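I opened these notes to record what I looked up, beginning with the ligand and then turning to the protein interior.

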Amino acid sequence: MSKLLIVGTLAFDAIETPFGKTDKILGGAATYIGLSAANFDIQSAVVSVVGEDFPEEYLNLLKKNKIDIEGVEIVEGGKTFFWSGKYHNDLNTRDTLETQLNVLADFNPVVPESHKDAEFVMLGNLHPLVQLSVLEQVKDPKLVVLDTMNFWMDNTMDDLMKVIAKVDVITINDEEARQLSGEYSLVKAARKIEKMGPKYVVIKKGEHGALLFHEDQIFFAPALPLEEVFDPTGAGDTFAGGFIGYLAKTGDTSFENMKSAIIYGSNLASFCVEKFGTERMQSLSGKEVSKRLGTFRKLTQFETQLD
Ligand code: AMP
């Protein structure tokens, strides 16, 4: 069975959408990636840091999902990373209201011995030097996927470029792809980003789906049109967790199989947005996942009488 190593934030989030507002709830890139990858019954472990204020119940939730948390440091007297954001009416765009790095500001990640040989590594959204340090500690991974966001482009671009140079796949949203490449066309942006290091570029477009680029090949997966979207927070991370979780489960990192991974990622992300925070991912059953996969299939396949 493949091992998956995940690095990313474990966080408190305060979220405001047109449908309501939350107090500090469980969030963080590693949380969403872990809960999403847990749908594939693989051996995953999280490397992260929290403060003393992080409830035991949240750590237990990860354990319950068979996620190894030996690599989660708890800083005595420290405060957990905090992020708050407000979504605009269309839910496709949001403003970050506040980012408090807290214990993340001087975090030295330690990869547990048991996962140094992980074949799959998910460098979730977090300081690029932390991502780099994790990469230096793993032995010889088969596939490294990197996710990042504009915050790190604005504040730590040089470090980010160093880590981008070392990964196989990068997943970013359309706005960030434009920021990183300086190109408006996503085709040109992906080409430029491939030159920075990653052989595969995944561009997430929220409710407009996701694109996979590799050399001159392009694959597109739509997002499932949903009746109810409450909170898009974590959709990108859930997508990434589904993408790498599927690849780890199948052990096949070909472009053809990455197309299916994109569909699995989109499928899982479609659940995440149906409720606030991690609520929907916590109650998700395997049956629901495979049923919706069928809906995806119908959405994307067609035949004509003139073929
Ligand atoms: P997503 O909606 O997939 O982009 O991810 C949202 C999650 O990212 C939230 O749960 C936040 O806690 C986390 N997050 C927000 N800003 C940052 C940041 N600068 N670094 C790492 N994680 C962040």
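Before listing neighbours I fixed the term: a residue counts as near the ligand if one of its heavy atoms lies within 4 Å of it. I also kept in mind that this is a predicted model.

**Entry on the ligand.** I looked up the surroundings of the ligand and found 19 residues, of which Asp13, Gly28, Arg94, Gly234 and Asp237 come nearest. Sorted by class, this shell holds nine nonpolar, seven polar and three charged residues. I then went through polar contacts: the side chain of Thr9 has an N or O atom 3.1 Å from a nitrogen atom of the ligand, and a polar side-chain atom of Trp152 is 3.2 Å from a ligand nitrogen atom. With Gly236 the backbone takes part, since one of its N or O atoms is 3.1 Å from an oxygen atom of the ligand. I noted that the ligand taken alone exposes 500 Å², and that the protein buries 94% of this area. Two or more shell residues come from each of strand 2 (11-17), helix 4 (150-155) and helix 8 (235-250), and helix 8 gives the most, with three.

**Entry on the interior.** Next I looked up the largest nonpolar core, which has 58 residues and in which Phe243 and Ile262 have the most contacts. Helix 9 (residues 255-272) contributes most to this core, with nine residues. Leaving aside residues up to four places away in sequence, I found that Ile262 touches Val202, Ala210, Leu212, Phe219, Ala221, Phe239 and Phe243. I also recorded a second, separate core of 45 residues, with Leu104, Leu126, Met196 and Ile203 among them.

Technical notes: Residues are numbered from 1 along each chain as its sequence is written. This is a predicted model: local features need pLDDT of at least 70, side-chain atom pairs count only at pLDDT 80 or more; totals for chains, interfaces and linings use all residues. Side-chain values use heavy atoms; hydrogens and water are left out. A nonpolar core is a set of buried Ala, Val, Leu, Ile, Met, Phe, Trp, Tyr and Cys residues joined through side-chain atoms within 4.5 Å. Buried means under 20% relative accessible area, exposed over 50%, partly exposed in between (1.4 Å probe, protein chains only). Helices (H or I, at least four residues) and strands (E, at least two) are DSSP runs, numbered from the N terminus. Contact means heavy atoms within 4.5 Å. A polar contact is a pair of N or O atoms within 3.5 Å; within protein, one must be able to donate a hydrogen and the other to accept it, and residues adjacent in sequence count only if both atoms are side-chain atoms. Accessible areas come from the Shrake-Rupley method with a 1.4 Å probe; for residues, only the protein chains shown count as cover. Ala, Val, Leu, Ile, Met, Phe, Trp, Tyr, Cys and Pro count as nonpolar, Asp, Glu, Lys and Arg as charged, and the others, Gly among them, as polar.
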